[in-house]
Each structure stands twice: as structure tokens, then as C-alpha cells.
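The following note sets out points for a colleague's reading of the coordinates. It proceeds by numbered paragraphs.

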Amino acid sequence: MSIGINGLNSYIDPSVAGAASGTKLSEKLGKSDSDTSAEELKEVCREFESYFLEQVYKEMFKTIGSEEGDGPLGSLVDYFKDGAIQSLAAQTTEQSGGPLAQQLYEQMKRNYGITEES
């Protein structure tokens with residue numbers, strides 16, 4: 001049974017992503033094969049939700065404006081801000097129970113006939 005979750009790859013444009021999390025997620029999605037378990041699919045869906053939230057948060061921060069400017073301090077703040085945003089997105093997904101990830105998982109389970117093994 002082929003899961004075919006490569007369809008999610010269309011949402012992840014490596015030229016836009018640039019972040020390590022986007023690259024790692026793309027690699028996981030690209031390696032899907034017939035041995036993919038329900039638990040692995042859940043994990044990929046959770047990571048996708050976290051990545052999605054990370055992109056939303058980055059766009060939100062762009063609306064705030066920066067006081068640091070383009071100097072060396074601005075680069076340093078940007079570096080740590082990216083890590084903080086990744087962490088915030090992961091925590092949000094973990095604390096909220098991943099409603100987007102759960103819906104995505106349920107839909108893919110139905111579409112590809114995946115059964116949960118006990």
C-alpha cells in the first residue's frame with residue numbers, strides 16, 4: 001500500500017522555506033513508502049502543522065517592524081528570532097493537540113486506506 005503523501009510536498013517550496021525544519025520535513029515526506037505506519041503518518045502530520053504555524057508566525061512578525069535595523073544587532077536578533085519562532089510553533093502544536101494535524105491524518109487515513117495497528 002503506497003501512502004503517497006508526496007502531495008504535501010507541493011505545500012513546501014524549498015526556495016521559500018529555507019528553514020532547517022522545512023528541509024527536514026520535505027525529506028521525510030519524500031521518503032514515504034509502503035512500510036509507512038499510522039504512527040509515522042501522525043508524526044509527519046504533526047510536523048507539517050508545526051511547520052505551517054511557523055510560517056504563519058513569521059508572517060505575523062513581519063507586520064511588527066524592526067527597531068534593530070540592518071546592522072549586526074539586527075542579524076543577531078533575526079537568527080535567534082527564527083529559533084524562537086520554531087520553538088513556539090512546536091509548543092503550540094504540542095499544547096493544542098494538533099487539530100490541523102489530526103484532521104490531515106484522518107483524511108489521509110481514509111484516502112489511502114491506512115489502518116491503525118494495535
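1. A residue counts as buried under 20% relative accessible area, as exposed over 50%, and as partly exposed in between. The coordinates are those of a predicted model. Phe 61 has a relative accessibility of 35% and therefore counts as partly exposed.

2. The overall architecture may be stated briefly. The protein chain contains five helices and zero strands, and its pattern along the sequence reads α-α-α-α-α. Of its 118 residues, 30% count as buried. Where contacts join residues at least 6 apart in sequence, 77% of them link residues at least 24 apart.

3. The packing of helix 3 against helix 4 comes next. Two packed helices are described by the angle between their axes and the distance between the axes. For helix 3 (residues 38–62) and helix 4 (residues 72–96), the axes come within 8 Å and cross at roughly 130 degrees. Helix 3 is therefore oblique to helix 4. The crossing of these two helices is right-handed.

4. Which residues make the contact between helix 3 and helix 4? From helix 3 the contributors are Arg 46, Glu 49, Ser 50, Leu 53, Glu 54, Tyr 57, Lys 58 and Phe 61. From helix 4 they are Lys 81, Asp 82, Ile 85, Gln 86, Leu 88, Ala 89, Ala 90, Thr 92 and Thr 93. Sorted by class, this contact has seven nonpolar, four polar and six charged residues.

5. Phe 61, located in helix 3, merits a separate remark. Apart from neighbours within four places in sequence, Phe 61 is in contact with Lys 81 and Ile 85; both partners are listed for helix 4 in its contact with helix 3. Phe 61 and Lys 81 are separated by 20 residues in sequence and by 9.4 Å in space, taken C-alpha to C-alpha.

6. Helix 3 also packs against helix 5, their axes coming within 8 Å and crossing at roughly 135 degrees. This angle makes helix 3 oblique to helix 5. The crossing of helix 3 and helix 5 is right-handed.

7. In that second contact, helix 3 contributes Ala 38, Leu 41, Lys 42, Cys 45, Arg 46, Phe 48, Glu 49 and Phe 52. Helix 5 contributes Pro 99, Leu 100, Ala 101, Leu 104, Tyr 105 and Met 108. By class, the contact of helix 3 with helix 5 has 11 nonpolar, no polar and three charged residues. Arg 46 and Glu 49 of helix 3 appear in the contact with helix 4 and also in the contact with helix 5.

8. Lys 109 lies in helix 5 (residues 99–112). Is Lys 109 buried or exposed? Its relative accessible area is 19%, so Lys 109 is buried, given that the cut-off for burial is under 20%. Leaving aside neighbours within four places in sequence, Lys 109 has contacts with Ile 114 and Glu 116.

9. A final point concerns aromatic rings. The count of aromatic pairs comes to one. The rings of Tyr 79 and Phe 80 have centres 5.1 Å apart and planes at 85 degrees, so the pair is edge-to-face; the angle for that class is over 60 degrees. Tyr 79 and Phe 80 are both exposed.

Note on methods
Residues numbered from 1 in each chain as written. Predicted model: local features only at pLDDT ≥ 70, side-chain atom pairs only at ≥ 80, totals over all residues. Heavy atoms only, no water. Axes fitted to C-alpha atoms, helices over the stretch in contact; angles between N-to-C directions. Helix = DSSP H or I, 4+ residues; strand = E, 2+ residues; numbered from the N terminus. Parallel < 35°, antiparallel > 145°, perpendicular 65-115°, else oblique. Left-handed = near helix turned anticlockwise from the far one by under 90°. Contact = heavy atoms within 4.5 Å. Nonpolar A, V, L, I, M, F, W, Y, C, P; charged D, E, K, R; others polar. Phe/Tyr/Trp six-rings, centres within 6.5 Å; stacked < 30°, edge-to-face > 60°. Buried < 20%, exposed > 50% of the residue type's maximum accessible area, 1.4 Å probe, protein only.
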